[in-house]
Amino acid sequence: MNSKLKSFDIIAVGLMTFALFLGAGNLIFPPALGQMAGTDLAVAIFGFLLTGVGLPLLGLVAAARMNGGLTELTQDLPFKVSVALGLAIYLIIGPFFASPRTAVVAFEMSVKSISDSQAALPIYSVVYFGITLALALFPGKLVDSIGKIITPLLVLVIAAIALGTVFAPQGPLGAPSETLAAPFSHGFKEGYLTMDALGGLAFGIVIITALRDKGVSERRYLTRYTIYAGLIAALGLSLVYISLGYLGATSQLIASNAASGGEIIQIYTNAIYGDAGNIILGLTITLACLSTAVGLMTACGEYFHKTFPQLSYRTYVIIFTVMSGIIANVGLSQLITLSIPVLFFIYPLAIAIIFLCLMRPLFNRPRVVFSCTLLAVLPVSLFEGVKAADASLVTPMIDVYSSLPFHAQGLAWVVPGIAGLLIGFIISHLMRSSEQAEAAAA
């Protein structure tokens, strides 16, 4: 097999990766953030880029270095912990939250403006996930179906929106919202809601599988091309987020009463392009969400088949696609509300795993360091999740939580995590020294 790819194929893999990440949350959160931030857009969008672009990129780099997906990334954890964490992450980004959200956002930004029939969403879900299933059943064709066909179309329609925003802004940068006390922290937390850090952990195996199907077999090339793909995707996502954030920041005159980021985009594009704007927007959202849904179903199928090989990859894809179609009919606001506590719980653990995998060559006993770090992060992440669900449940512990550094930024887990890492590092070093002393004595 030839391990090298031509430049065109590398770009195609990068565009596929970009499309996998560019889903529902990526399009609806930046405009809402921009409208709230107004003249503070630069600070807010910087925070958003750190979690919405930086973390997914690091996740892909970690996956590339570990030459696999979440199974390889969590190989240094106890088996049951690794499986439990993997199940939680893949079900969150798969049929429980992220995948259904792609369908609902695509529906609300396209078909809903035409039909308010109660049967519209169920019918749309069947068609949408039928196409998703048809593409996800053949993971080796993702570069051709998404990277070379869907993504170029997606880039063109996003460019139309971005250029319209730059050359025909619908107002000046607005005043920051009175409720936005800390633009950076707000943007940082909003980046969580894209779920892309979890996607970075999950999509690594999708990219590596696509590369292998293209004939890349050597580990060094798999690692190199996965990182290249991540960099291309990061650049594309950054440009999209900045342009959509600017759209939101200049929308206060025409969309001040908009209920969501999606509605802000609708009003804005309609103001620039008229009725054609609705077509452009509907096409953009549908292509973006569809490509992400395909990637999510592929990632879930790959993981579950590898972890529980009793069922085939295609059987898992069918099951998860049907589940996604059913759950999609819950509605967007309910899905977002339900997902927030889960995300606040799982995100610190996922971020810790990303950094631990990147630092893994420094550890002589990775299992000890991984376990100590995650044990230290777990109580804080659990507190964050429960607090997001119902703050009254954690009132007795709020003073302890508030004493932790960076709690206002949603990063209260960082210092405990660093402490756990250091403890694990010291323990592993002492264990190694003890074994060396015993060997010398013998």
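**Second largest cavity.** I began with the lining of the second largest cavity in this predicted model, and by class I found 10 nonpolar residues, three polar ones and no charged residue there. I noted a volume of about 80 Å³ for this second largest cavity. Of the 13 residues in its lining, I listed Leu27, Ile158, Ile161, Val240 and Leu244 as the closest to the centre. I then looked up which elements give two or more residues to this lining, and they are helix H8 (142-167), helix H11 (219-249) and H14. For the model as a whole, I recorded four cavities of 30 Å³ or more.

**Nonpolar core.** I turned next to the largest nonpolar core, which has 136 residues, and I marked Leu22, Leu73, Tyr90, Tyr128 and Leu198 as those that touch the most other members. Helix H14, residues 275-307, gives the most to this core, and I entered its share as 15 residues. I followed up one of the well-connected members, Leu198: with residues up to four places away in sequence left out, I have Leu198 touching Ile89, Ile92, Ile93, Leu343, Ile346, Tyr347 and Ala350.

**Phe203.** In helix H10, which covers residues 196-213, I looked up Phe203. I put Phe203 down as buried because its relative accessibility is 2%, and the cut-off for that class is under 20%. Setting aside its neighbours within four places in sequence, I found Phe203 in contact with Leu20, Phe21, Leu60, Gly295, Leu296 and Ala299. For Ala299 I also took the C-alpha separation from Phe203, which is 6.2 Å although the two residues stand 96 residues apart along the chain.

**Helix H1.** I went on to helix H1, which runs over residues 7-21, and for its 15 residues I noted a reach of 21 Å from the first C-alpha to the last, close to the 21 Å expected at 1.5 Å a residue. I described H1 as mostly covered, since 11 of its 15 residues are buried. Among the buried residues of H1 I listed Asp9, Thr17, Leu20 and Phe21, and I noted again that Leu20 and Phe21 are both contacts of Phe203.

**Phe406.** My last entry concerns the loop between helix H18 (398-402) and helix H19 (414-441), where I found Phe406. I recorded its phi as near 65°, a positive value in a residue other than glycine. I made a note of this because most residues other than glycine have a negative phi. Is Phe406 buried, exposed or partly exposed? I entered Phe406 as partly exposed because its relative accessible area is 46%, and that class lies between 20% and 50%.

Technical notes:
Residues numbered from 1 in each chain as written. Predicted model: local features only at pLDDT ≥ 70, side-chain atom pairs only at ≥ 80, totals over all residues. Heavy atoms only, no water. Core = buried A, V, L, I, M, F, W, Y, C linked by side-chain atoms within 4.5 Å. Buried < 20%, exposed > 50% of the residue type's maximum accessible area, 1.4 Å probe, protein only. Helix = DSSP H or I, 4+ residues; strand = E, 2+ residues; numbered from the N terminus. Contact = heavy atoms within 4.5 Å. 1 Å grid on protein atoms, 1.4 Å probe; cavity = no way out; pocket = protein on both sides within 12 Å on 5 of 7 lines; lining within 4 Å. Points joined across faces, edges and corners; volume = space filled by probe spheres on them. Nonpolar A, V, L, I, M, F, W, Y, C, P; charged D, E, K, R; others polar. Expected span 1.5 Å × (residues − 1).
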